[in-house]
Amino acid sequence: MSVSKTFAPERIREAYAAGLRVFGENRVQEFSAKAEALADLQDADWHMIGHLQTNKAAKCVELFTAIDSVDSLRLAERLNGAARQIGKTIPALIEINVGKEAAKSGIHADSPELDALLRAAPELEHLQFRGLMTVPPYFDDPHQARPYFRKLRELSNQISARKLPTVTMTILSMGMSHDFEVAIEEGSSCVRVGTAIFGERAKL
């Protein structure tokens, strides 16, 4: 996945021309402003990878191909309701906060919230839960992130073994520009690469 957040439509078109088709954005409002200019890229997949407020659920479902940052049952219910209203079924990943960092979104792996979301999945008919996503703590040495990637893989295996109806664990979204090689070694099936593709982002 090429993480195109903060980059202009022209830069995204360059990436598309180079063969990329899966793009990650982290703000509904920002992507909404770009979507019209990119509407002709019909085979591009647009993934929401940032923290999503429940009041943006309807617009998010309208704009995005998939939502990779579901982090509460309440949000899942909102997304499901919004998708039902427009007759859409949308793939989703559950975001796990593997490092239990206060500054990051995501459900803790041992949280009752995670179990509640998984148990509710069959009722959320317009969401297809396909796996997990995480952003581990940042380390200068990417190998220090290895235990966190491994923890997500182990959690994915545990959930898969439960054979929950309507929940599959085919996608493990972990790893970014500085640590994706370690993430792949630990089982990542989707790496989210921004800086290594587009270059450094402008400082806000």
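Helix α6 covers residues 146-161 in this predicted model. At 1.5 Å a residue, its 16 residues should span 22 Å. The end C-alpha atoms lie 23 Å apart, which agrees with that expectation. Several positions along α6 are buried: Arg146, Phe149, Leu152, Leu155, Ser156 and Ile159. An α-helix has 3.6 residues a turn, so residues three or four places apart point the same way. The buried residues of α6 pack against both strands and helices. The strands are β5 (90-96), β6 (127-134) and β7 (167-173). The helices are α5 (112-120) and α7 (180-185). Just after α6, Lys163 adopts a positive phi of about 50°.

Aromatic contacts were examined next. A search of the whole structure finds 5 aromatic pairs. One of them joins Phe7 and Phe198. A pair of aromatic rings is described by the distance of the centres and the angle of the planes. For Phe7 and Phe198, the centres are 4.8 Å apart and the planes meet at 20°, a stacked arrangement. This pair links distant parts of the chain. Phe7 belongs to the loop between β1 (2-3) and α1 (9-17), whereas Phe198 belongs to helix α8 (residues 195-198). The two are 191 residues apart. Both Phe7 and Phe198 are buried.

Other aromatic residues group together. Phe23, Phe31, Trp46 and Phe64 form one aromatic cluster. Tyr16 has a charged partner instead: the charged end of Arg21 sits over the Tyr16 ring, 3.6 Å from the ring centre.

Technical notes. Residues numbered from 1 in each chain as written. Predicted model: local features only at pLDDT ≥ 70, side-chain atom pairs only at ≥ 80, totals over all residues. Heavy atoms only, no water. Helix = DSSP H or I, 4+ residues; strand = E, 2+ residues; numbered from the N terminus. Expected span 1.5 Å × (residues − 1). Buried < 20%, exposed > 50% of the residue type's maximum accessible area, 1.4 Å probe, protein only. Contact = heavy atoms within 4.5 Å. Phe/Tyr/Trp six-rings, centres within 6.5 Å; stacked < 30°, edge-to-face > 60°. Lys NZ or Arg CZ within 6 Å of the ring centre and 35° of its normal.
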